[in-house]
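Student: I'd like to learn how to read strands and surface charge from a set of coordinates. Could you walk me through an example?

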Amino acid sequence: MVVIVGFAIATWQTWSNDNALRDRGREAPARVVQVNRGRAKVEFTTGDGRRVQARIGQGDAAPGPRPVVGDAVTIVYDPRRPTDDVRDVRAPENRQTAYVVLGATIAALIGVPLATWGLIRANRRERAAR
């Protein structure tokens, strides 16, 4: 159950973040301050003047070369939660990560009960054989 709940929470958070960027997103200029495994961390100023850092995207890939430290990019952020993942405006909207996590959730919903049932049946057979 813990695995299923964990995947369900991850799916909900990913989907909610995508929706927030689409519905409430605001554009802002940003500067890349770190790149780790191809995922950039940017620093930008929100509409209310706060200076924050956030990671670009959940599988969002902008066309062109990968960002390097010091690059200027324009991002979309959620004004309610500006430190959550942001999206590079050049990247097409996608739900790639949300779909992958949803698939894992569905697989866990099916696989965990089946595996549990199989273990229970094997245990019963073993007891009956004794």
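**Strands, turns and a charged patch**

Tutor: Happily! Start with one bridge: Val42 has Ala54 in S3 as its partner. Keep in mind that this is a predicted model.

Student: In which sense do S2 and S3 pair, and over how many bridges?

Tutor: Strand S2 (residues 39–45) runs antiparallel to S3, with five bridges between them. Another facing pair here is Thr45 and Arg51 of S3. The hairpin of S2 and S3 leaves five residues between the strands, and Gly49 has a positive phi near 90 degrees there.

Student: Which side chains of S3 are buried, and which are not?

Tutor: Look for alternation. In S3 (residues 51–55), Val52 and Ala54 share one face and are buried, whereas Arg51, Gln53 and Arg55 point to the other face and are not. S2 can be read in a like manner: Ala40, Val42 and Phe44 make up its covered face, and Arg39, Lys41, Glu43 and Thr45 its uncovered one.

Student: How many bridges link S1 and S2?

Tutor: Six, again in the antiparallel sense, with S1 spanning residues 26–36. Arg31 sits opposite Glu43 of S2. Two residues separate S1 and S2 in their hairpin, and Arg37 in the turn shows a positive phi of about 55 degrees.

Student: Now the charge. Which residues form the positive surface patch?

Tutor: Arg121, Arg124, Arg125 and Arg127 form that patch. Of these, Arg124 belongs to helix H2 (residues 96–129).

Student: Why does Arg124 count as exposed?

Tutor: Because its relative accessibility is 52%, and the cut-off for exposed is over 50%.

Methods. Residues numbered from 1 in each chain as written. Predicted model: local features only at pLDDT ≥ 70, side-chain atom pairs only at ≥ 80, totals over all residues. Heavy atoms only, no water. Patch = residues over 30% accessible without salt bridge, like charges linked within 9 Å, V, L, I, M, F, W, Y side chains within 5 Å. Areas by Shrake-Rupley, 256 points an atom, 1.4 Å probe, with all protein chains shown as cover. Salt bridge = Lys/Arg side-chain N within 4 Å of Asp/Glu carboxyl O. Lys, Arg positive; Asp, Glu negative; His and termini not counted. Charge placed at Lys NZ, Arg CZ, Asp CG, Glu CD. Helix = DSSP H or I, 4+ residues; strand = E, 2+ residues; numbered from the N terminus. Buried < 20%, exposed > 50% of the residue type's maximum accessible area, 1.4 Å probe, protein only. Pairing = 2+ DSSP bridges.
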